[in-house]
Amino acid sequence: MPDNIDNLLTETRRFPPSTEFAASAVATGDLYDQARADRLGFWAAQAEGLLSWQKPFTEVLDWSDPPFAKWFADGRLNVAYNCLDRHVDAGNGDRVAIHWEGEPGDSRTLTYTELTAEVKKAANMLLGLGVRPGDRVVIYLPLIPEAVVSMLAVARIGAVHSVVFGGFSAESIRARVDDAGAKVVITADGGWRKGAISPLKPAVDEALAVGTHGETTVEHVVVVDRTHSDVEWTEGRDLWWHDLMAEAAQDHEAEGFESEHPLFILYTSGTTGKPKGILHTSGGYLTGAAFSHRNVFDLKPETDVYWSTADIGWITGHTYVVYGPLANGATQVIYEGTPDSPEPGRWWDVIEKYGVTLFYAAPTAIRGFMKAGRQIPAARDLSSLRLLGSVGEPINPEAWVWYRDVIGGGTTPIVDTWWQTETGSILISALPGVTTLKPGSAQVPLPGISIDVVDESGTPVENGQGGLLVVTEPWPSMLRGIWGDPDRYRETYWEKFASKGFYFAGDGARRDEDGDIWLLGRVDDVMNVSGHRLSTAEIESALVSHPIVAESAVVGASDETTGQAVVAFVILRASQAESMTPDEAVKALRDHVAHEIGAIAKPKTVFIVAELPKTRSGKIMRRLLRDVAEGREIGDTTTLADTQVMSVITDQHRGSQ
Ligand code: PRX
């Protein structure tokens with residue numbers, strides 16, 4: 001790759017940890033040394049130190065049947081006990097586990113004692129409905145305390161949850177219910193989003209309608225009364241949560257299950273075909289969750305107030321709202337609604353109200369706030385914050401610096417955390433008291449994690465070069481498979497580098513001169529223009545570094561002459577771009593990319609748009625943008641958060657070379 005397309009790697013700003021932060025940091029550089037000296041011994045020590053085992057394990061890793069790993073296989077534990085009872089037993093029952101904030105402004109606080117009591121009752125409720133160890137329970141709820149209670153109650157009795165994001169359609173629910181063979185669905189009448197009630201129960205009714213889809217495995221639907229809305233009722237099948245909880249016995253002894261007992265299935269989209277049910281199990285997953293949450297976020301459970309804005313419908317909501325924080329006895333905030341309801345400063349109000357110290361959000365949200373302007377957060381007191389996190393996609397250096405300056409008061413470390421539904425927990429991130437931060441780079445594998453960047457043949461690339469991200473050794477929180485489809489598991493993740501035994505993550509990455517890792521987006525987003533490989537992330541980063549740009553998405557569109565051509569979609573910052581005509585803005589941006597990266601990366605076409613098509617989890621749907629760029633009819637838009645956005649985009653201003 002020629003040097004002139006090294007835009008991301010020319011970022012030279014560096015942020016070493018402050019002396020004060022480093023002096024009291026939870027994680028020190030010793031962790032790297034310990035893990036290097038004895039990787040399996042290191043993980044055994046984490047599993048023993050961070051968790052409470054009903055029966056201690058003697059074996060750390062069984063990799064005799066790759067790629068099917070077993071961690072801590074002869075140990076037994078109860079995941080919910082680890083997240084609840086043991087904190088109460090240790091005298092921390094009065095500590096707040098959850099400060100819940102509803103979108104309309106209602107709120108609830110649950111201490112560890114109270115949360116434990118709720119989960120015990122819910123466990124008895126599920127047992128009463130005939131749910132047994134290994135049975136699957138689908139959870140389709142808004143971000144309310146009952147969502148956390150449900151997940152932990154399912155885990156407590158050794159059943160398996162499959163959370164379906166509250167924004168998904170009836171079709172998606174049905175596909176997941178059928179694939180998992182779920183016995184019970186837990187839902188609510190609705191939840192609050194953008195100032196209105198967003199119904200949930202009707203989608204479950206439609207999903208389970210025998211007339212449309214045939215018989216289901218679901219025996220009962222438990223309904224939480226969140227919004228007091230009218231709902232259709234199927235007698236015998238549907239039951240109110242509050243009725244069952246009122247009847248449920250209060251005591252429940254947590255039984256230990258094998259370390260490899262299934263904990264949850266979470267569906268995620270692959271490049272093709274039906275969603276994959278990613279399977280995670282108990283002991284290894286909880287070890288990865290607790291270890292990374294404590295060390296990456298520098299968690300001090302006695303004093304910190306942690307907030308991850310993720311929904312429980314995503315892996316971040318599993319590992320860094322439920323399992324990691326609660327296993328560590330943290331106090332956390334959960335918030336039901338959208339960041340800008342009822343007004344654009346809502347997130348910052350929540351931080352001020354609860355004195356949040358550790359904050360974890362996605363770059364897309366950060367860029368949205370950049371677009372809205374710094375005056376909104378500036379009007380709040382955010383001085384409680386002492387660490388910020390980022391997850392889900394590469395964070396552009398400009399957004400990173402804005403996040404640190406405007407939200408973090410110019411002092412907080414930012415941990416840019418790379419991981420996937422499949423990895424279960426963070427694998428690449430700075431340790432905030434140790435690592436000198438580089439905006440835009442996720443930087444280094446966590447202690448005990450073996451990551452490499454390799455070429456197509458599996459050979460590690462030199463520093464300064466790009467390639468494919470792989471995990472070279474099994475890790476405790478790794479997926480154990482795709483539910484019901486071992487062949488797809490092998491093919492998707494292990495076949496590409498079968499001779500080396502590497503896990504193929506599907507992400508492109510580069511190592512800089514120091515060996516630090518820069519994520520370049522999915523390899524399916526890599527373009528080939530006139531024989532040169534270009535990353536969408538690199539060009540997007542260049543565009544966003546221009547002052548008139550708030551957000552951008554770049555796709556490779558087929559082109560007769562060059563194979564693929566770069567097509568950019570940009571949202572302008574109104575305040576910065578008002579003196580320009582659209583044609584001037586397009587020219588300025590094409591020239592800017594050429595200047596930042598090289599003429600090869602200059603977008604052939606720039607669309608100025610008001611919105612970008614995003615999934616409900618905030619990922620840009622490049623497939624749809626490719627349809628626009630290639631002049632095709634727009635494909636399936638059902639997973640978009642806003643299904644209207646594509647008709648808006650096709651009408652926007654377009655400027656070409
Ligand atoms: O491409 C990487 C990107 O998100 C993908 C995983 O998506 P998902 O399973 O939905 O999990 C998202 C939350 C962990 C990865 O293959 N990704 C995630 N975090 C980062 C990232 N890309 C760059 N930098 C990150 N910090």
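# A tour of the predicted model

Start by selecting helix α5, residues 85–92, together with helix α6, residues 112–128; the two pack at an angle of about 145°, and their axes are 9 Å apart. The model is a predicted one. In this pair, α5 passes α6 in a left-handed crossing. Show the side chains at the contact: D85, H87, V88 and N92 come from α5, while Y112, T113 and T116 come from α6. Sorted by class, the contact of α5 with α6 holds two nonpolar residues, four polar ones and one charged one.

**The seven-stranded sheet**

Next, select the strands β5, β4, β17, β16, β18, β19 and β20, which lie in that order in an open sheet with mixed pairing. Which strands stand at the edges? They are β5 (107–111) and β20 (414–417). Each of these has a single partner strand, so one side of each is left without a neighbour in the sheet. On average, with direction ignored, neighbouring strands of this sheet are turned by 15° against each other.

Zoom in on β18 (residues 358–361) and β19 (residues 387–391), which run parallel and are joined by four bridges. Pick F359, and L388 in β19 stands opposite.

Move on to the pairing of β19 with β20, which is also in the parallel sense and spans four bridges. Here S390 stands opposite D416 in β20. Now colour β20 by the direction of its side chains: I414 and D416 point one way, and V415 and T417 point the other way. Are these four residues of β20 buried or exposed? All are buried.

**Helix α17**

Select residues 397–407, which form helix α17. Its buried residues are P397, A399, W400, Y403, R404 and I407. An α-helix has 3.6 residues a turn, so residues three or four places apart point the same way. To see what covers the buried residues of α17, show α15 (363–372), α16 (375–378), β19, β20 and α19 (536–544), which are among the covering elements. Then step just past the end of α17 to G409, where phi is positive, at about 60°.

**The annotated N-terminal stretch**

Select residues 30–83, which an unreviewed UniProt entry annotates as "domain: Acetyl-coenzyme A synthetase N-terminal". Over this stretch the chain is 46% helix and 20% strand. The C-alpha atoms at its two ends are 27 Å apart.

Within helix α3 (residues 39–50), pick L40. How many C-beta neighbours does L40 have inside 10 Å? The count is 15, so L40 is classed as partly exposed. Apart from neighbours within four places in sequence, L40 is in contact with V60 and L61. Add W475 to the selection: L40 and W475 are 435 residues apart along the chain, yet their C-alpha atoms are separated by 9.4 Å.

**K619**

Finish at K619, in the loop between β30 (605–608) and α22 (622–629). The unreviewed UniProt entry places the annotation "modified residue: N6-acetyllysine" on K619. Why is K619 classed as partly exposed? K619 has 17 other C-beta atoms within 10 Å, and a residue counts as buried at 20 or more and as exposed at 12 or fewer, so K619 falls in between.

Terms used:
Residues are numbered from 1 along each chain as its sequence is written. This is a predicted model: local features need pLDDT of at least 70, side-chain atom pairs count only at pLDDT 80 or more; totals for chains, interfaces and linings use all residues. Axes are lines fitted to C-alpha atoms, for helices over the stretch in contact, and angles run from 0 to 180 degrees between N-to-C directions. A crossing is left-handed if the near helix is turned anticlockwise from the far one by less than a right angle, and right-handed if clockwise. Two residues are in contact if their C-beta atoms, placed from the backbone, lie within 7 Å. Ala, Val, Leu, Ile, Met, Phe, Trp, Tyr, Cys and Pro count as nonpolar, Asp, Glu, Lys and Arg as charged, and the others, Gly among them, as polar. UniProt positions are given in the numbering used here, feature names are shortened, and annotations may be inferred rather than shown by experiment. Two strands pair if DSSP finds at least two bridges between them.
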